[in-house]
Amino acid sequence: MCVCRTPVDHQRKAIKRVIGLPGDWISVPETKEIRKIPEGHCWVEGDNGSVSRDSRTYGPVPLGLVQGRVTHVVWPPRKIGRVDKRVPEGRVMPQRNL
């Protein structure tokens, strides 16, 4: 997970899961579209896809907007702990030469 400035409002920060890196191919479930992540960008998604504003809304995010890595949850106290590093299965296809 990462902390990044949102592409639509650089004053706001968001915490999102990094799904793909430059050169990866991403399967976008809502559209059944396959998209290649361009150089200098990443694909980020919130854990609650039905209401999250993320790359499914505004596309790949410039890496320059990524400001940090999230490793732990500290609030609320009942959720304190490490952040799991899961990526949705079957969504990312590694770099391929076409």
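How much of the accessible surface of the protein belongs to carbon and sulfur atoms? The share is 52%, out of a surface of about 6,600 Å². The notes below go from the whole chain to single residues.

1. Status of the model. This is a predicted model. Residue numbers start from 1 along the chain.

2. Elements. The protein has one helix and 10 strands. Read from the N terminus, the order is β-β-β-β-β-α-β-β-β-β-β. The helix thus has five strands before it and five after it in that order.

3. Overall dimensions. The radius of gyration is 14 Å. The globule rule gives 13 Å for 98 residues, which is close, so the protein is as compact as a globular protein of that length. Along the principal axes, the C-alpha atoms fill a box of roughly 45 × 30 × 25 Å.

4. Burial and contacts across the chain. Of the 98 residues, 33% count as buried. Take the contacts with a separation of 6 or more: 48% of them join residues 24 or more positions apart.

5. Charge. There are 18 positive side chains and 10 negative ones. The centres of these two sets are 5 Å apart.

6. The largest nonpolar core. Which residues make up this core? Seven do: Cys2, Cys4, Cys42, Val44, Tyr58, Val61 and Leu65. Strand S1 (2-6) and strand S5 (41-45) are the elements that give two or more residues to it. Another core, of five residues, lies apart from it. Among its members are Ile19, Ile26, Val28 and Trp43. As a general point, nonpolar side chains in soluble globular proteins tend to be buried together.

7. Cys4, a member of the largest core. Cys4 belongs to the seven-residue set. Beyond its neighbours within four places in sequence, Cys4 is in contact with Arg12, Lys13 and Ala14. Further along the chain, Cys4 also contacts Leu65, Val66 and Gln67. Of these partners, Leu65 is itself listed in the largest core.

8. Trp25 in strand S3. Is Trp25 buried or exposed? Its relative accessibility is 13%, so Trp25 counts as buried. Trp25 lies in strand S3. Its C-alpha atom is 5.5 Å from that of Arg35, although the two are 10 residues apart along the chain.

9. Ser27, also in S3. Strand S3 spans residues 25-28 and holds Ser27. Ser27 has 19% relative accessibility and therefore counts as buried, the cut-off being under 20%. Leaving out residues up to four places away in sequence, Ser27 touches Glu33 and Ile34. Ser27 also touches Gly90, Arg91 and Met93.

10. Lys32, in the loop after S3. Lys32 is found between S3 and strand S4 (33-36). Its phi is near 60 degrees. That is a positive value in a residue other than glycine, and a point to look at in the model. With 75% relative accessibility, Lys32 counts as exposed.

11. Val92 in strand S10. Which residues does Val92 contact, leaving aside neighbours within four places in sequence? They are Ile19, Asp24, Trp25, Ile26 and Val87. Two of these partners, Ile19 and Ile26, are named in the five-residue core. Val92 is placed in strand S10 (residues 92-93). Its relative accessible area is 28%, so Val92 is partly exposed. Val92 and Arg35 are 57 residues apart along the chain, with their C-alpha atoms separated by 9.8 Å.

12. Lys85, in the loop before S10. Lys85 sits in the loop between S9 and S10. Lys85 counts as exposed, at 70% relative accessibility. Its contacts beyond four places in sequence are with Arg17 and Arg69. The C-alpha atoms of Lys85 and Val18 are separated by 9.2 Å, and the two residues are 67 apart along the chain.

13. A cis peptide bond. Where is Pro76 placed? Pro76 is in the loop between strand S8 (72-73) and strand S9 (81-82). The peptide bond from Trp75 to Pro76 is cis, and its omega is near 0 degrees.

Conventions
This is a predicted model: local features need pLDDT of at least 70, side-chain atom pairs count only at pLDDT 80 or more; totals for chains, interfaces and linings use all residues. Side-chain values use heavy atoms; hydrogens and water are left out. A nonpolar core is a set of buried Ala, Val, Leu, Ile, Met, Phe, Trp, Tyr and Cys residues joined through side-chain atoms within 4.5 Å. Buried means under 20% relative accessible area, exposed over 50%, partly exposed in between (1.4 Å probe, protein chains only). Helices (H or I, at least four residues) and strands (E, at least two) are DSSP runs, numbered from the N terminus. Contact means heavy atoms within 4.5 Å. The radius of gyration is taken over C-alpha atoms; the globule rule is 2.2 Å times the number of residues to the power 0.38. Accessible areas come from the Shrake-Rupley method with a 1.4 Å probe; for residues, only the protein chains shown count as cover. Lys and Arg count as positive and Asp and Glu as negative; His and the chain ends are not counted. The place of a charge is taken as NZ of Lys, CZ of Arg, CG of Asp or CD of Glu.
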